[in-house]
Amino acid sequence: MKPSLLLAFSTLTTLTTSLAIAKRHQKAWPEAIRAYYTAAYTALSQLPPNTLKTLTSSTCSIASPSMPTIPDLPPVTPGLQLYHVAIGRGTQNYTCNPSDPSAIPIAAGASAALYNATCMSCLAPSALAKIPASALLIPTPKGTTPLFPAQAFMSGQHYFTGPAPTFNLHTATHNYGIQFTSVLAKAPVPEKLQTGQMGKDGSKPVPWLKLASANSSPSAGQEVLGSDSSPVKEVFRVNTAGGSPPKTCDGMGKTFEVEYAAEYWFWG
């Protein structure tokens with residue numbers, strides 16, 4: 001597979017559906033969802049005709065990506081190329097000491113479905129930026145149901161293997177590999193970027209992350225072998241929405257979940 005071209009099963013559905021729906025705005029939709037369709041329509045209506053034709057092909061160019069950045073998060077290592085972009089929709093998980101209401105919740109991993117947004121990241125980045133907040137307004141899709149409002153198809157699962165954040169991009173329809181990772185850097189979301197990114201429960205957006213990929217998760221005794229290997233070296237979590245815990249454990253159970261969504265950018 002050429003680095004500048006990536007199979008995008010959701011290309012046609014994701015973008016042309018957005019273009020069609022945006023023309024018949026439904027005022028009853030929440031602001032975040034209307035903002036997504038507005039951004040999608042604006043971005044796609046400005047694309048050259050030749051680019052629009054690629055929406056009916058099986059590939060799209062990702063030669064000139066523009067990932068969101070914030071000052072406190074290190075950039076992509078020079079020389080790496082974009083491999084995949086996904087929207088994660090799921091929960092951040094926490095534990096508490098019920099006997100100490102003043103205790104601070106402790107992070108205990110995360111679980112999320114990942115949805116292919118690779119082509120949108122280059123063809124309509126302004127629309128992509130609206131998806132995490134709008135995705136929090138609806139339940140997580142079940143099974144292989146596309147993610148609303150982008151109608152993006154599933155590209156894998158995010159979970160933890162021991163202490164290692166894991167991204168499993170191997171499904172029944174494709175295999176983009178499995179990545180065990182570790183956190184290289186973490187940056188809190190600036191106040192000006194938190195507007196509109198709160199969860200339904202009022203939770204603030206979780207920090208943005210830079211993670212490094214590895215071929216194994218030693219503490220869990222698992223390795224990436226054969227067809228599940230991939231060229232991915234770094235993974236970034238950006239444009240987060242929701243997911244942060246309350247300041248203390250007051251009123252919380254021994255374990256609890258906070259819904260979140262985010263963009264994940266894979267570089268290799």
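Which residues of the largest nonpolar core touch the most other members? In this predicted model, that core holds 32 residues, and the ones that touch the most other members are Leu-73, Leu-128, Phe-236 and Trp-265. Two or more residues each come from the strands β3 (82-95), β4 (106-116), β7 (175-187), β11 (234-242) and β12 (255-267), and likewise from the helices α4 (118-123), α5 (125-128) and α6 (131-135). Apart from this core there is a second, separate one of 22 residues, which includes Tyr-176, Leu-209, Val-232 and Val-258. As a general background to such groupings, nonpolar side chains in soluble globular proteins tend to be buried together.

The setting for these cores is a protein chain of 268 residues, 48% of which count as buried, with 7 helices and 12 strands along its course. Among the contacts in the chain with a separation of 6 or more, 74% are made by residues 24 or more positions apart. The accessible surface of the chain comes to about 12,600 Å², and carbon and sulfur atoms account for 57% of that area.

The strands can be followed next, beginning with the barrel. Eight strands close into it with antiparallel pairing, in the order β3-β4-β5-β6-β7-β8-β11-β12, and neighbouring strands of this sheet are turned against each other by 30 degrees on average when direction is ignored. Strands of a sheet pair through backbone hydrogen bonds, either parallel or antiparallel.

One stretch of the barrel can be traced strand by strand, from β4 to β7. β4 pairs with strand β5 (residues 154-161) in the antiparallel sense over 4 bridges, and here Leu-114 stands opposite Gly-156 in β5. β5 is in turn joined to β6 by 5 bridges, again with the two strands running antiparallel, and Gln-157 has Asn-168 of β6 as its bridge partner. The hairpin formed by β5 and β6 has 2 residues between the strands, and in this hairpin Gly-162 takes a positive phi near 65 degrees. Strand β6 (residues 164-170) then runs antiparallel to β7, to which 4 bridges join it, and His-170 stands opposite Asn-175 in β7.

Aromatic side chains add another set of links, with a count of 5 aromatic pairs. In one of these, the ring centres of Tyr-94 and Phe-256 are 5.5 Å apart and the ring planes lie at 25 degrees, so the pair is stacked, given that planes under 30 degrees apart count as stacked. Because Tyr-94 lies in strand β3 and Phe-256 in strand β12, this pair ties together parts that are 162 residues apart in sequence. Both Tyr-94 and Phe-256 are buried.

Another stacked pair is formed by Trp-265 and Trp-267, whose ring centres are 6.3 Å apart and whose planes are at 15 degrees. Are these two tryptophans buried or exposed? Trp-265 counts as buried at 1% relative accessibility, and Trp-267 is buried as well, with a relative accessible area of 7%, since the term applies to values under 20%. Trp-265 thus appears in two parts of this account, as one of the residues that touch the most other members of the largest nonpolar core and as a partner in a stacked ring pair. Ring pairs also link Phe-167, Tyr-264 and Phe-266 into a cluster.

How values were computed. Residues numbered from 1 in each chain as written. Predicted model: local features only at pLDDT ≥ 70, side-chain atom pairs only at ≥ 80, totals over all residues. Heavy atoms only, no water. Core = buried A, V, L, I, M, F, W, Y, C linked by side-chain atoms within 4.5 Å. Buried < 20%, exposed > 50% of the residue type's maximum accessible area, 1.4 Å probe, protein only. Phe/Tyr/Trp six-rings, centres within 6.5 Å; stacked < 30°, edge-to-face > 60°. Pairing = 2+ DSSP bridges. Axes fitted to C-alpha atoms, helices over the stretch in contact; angles between N-to-C directions. Contact = heavy atoms within 4.5 Å. Areas by Shrake-Rupley, 256 points an atom, 1.4 Å probe, with all protein chains shown as cover.
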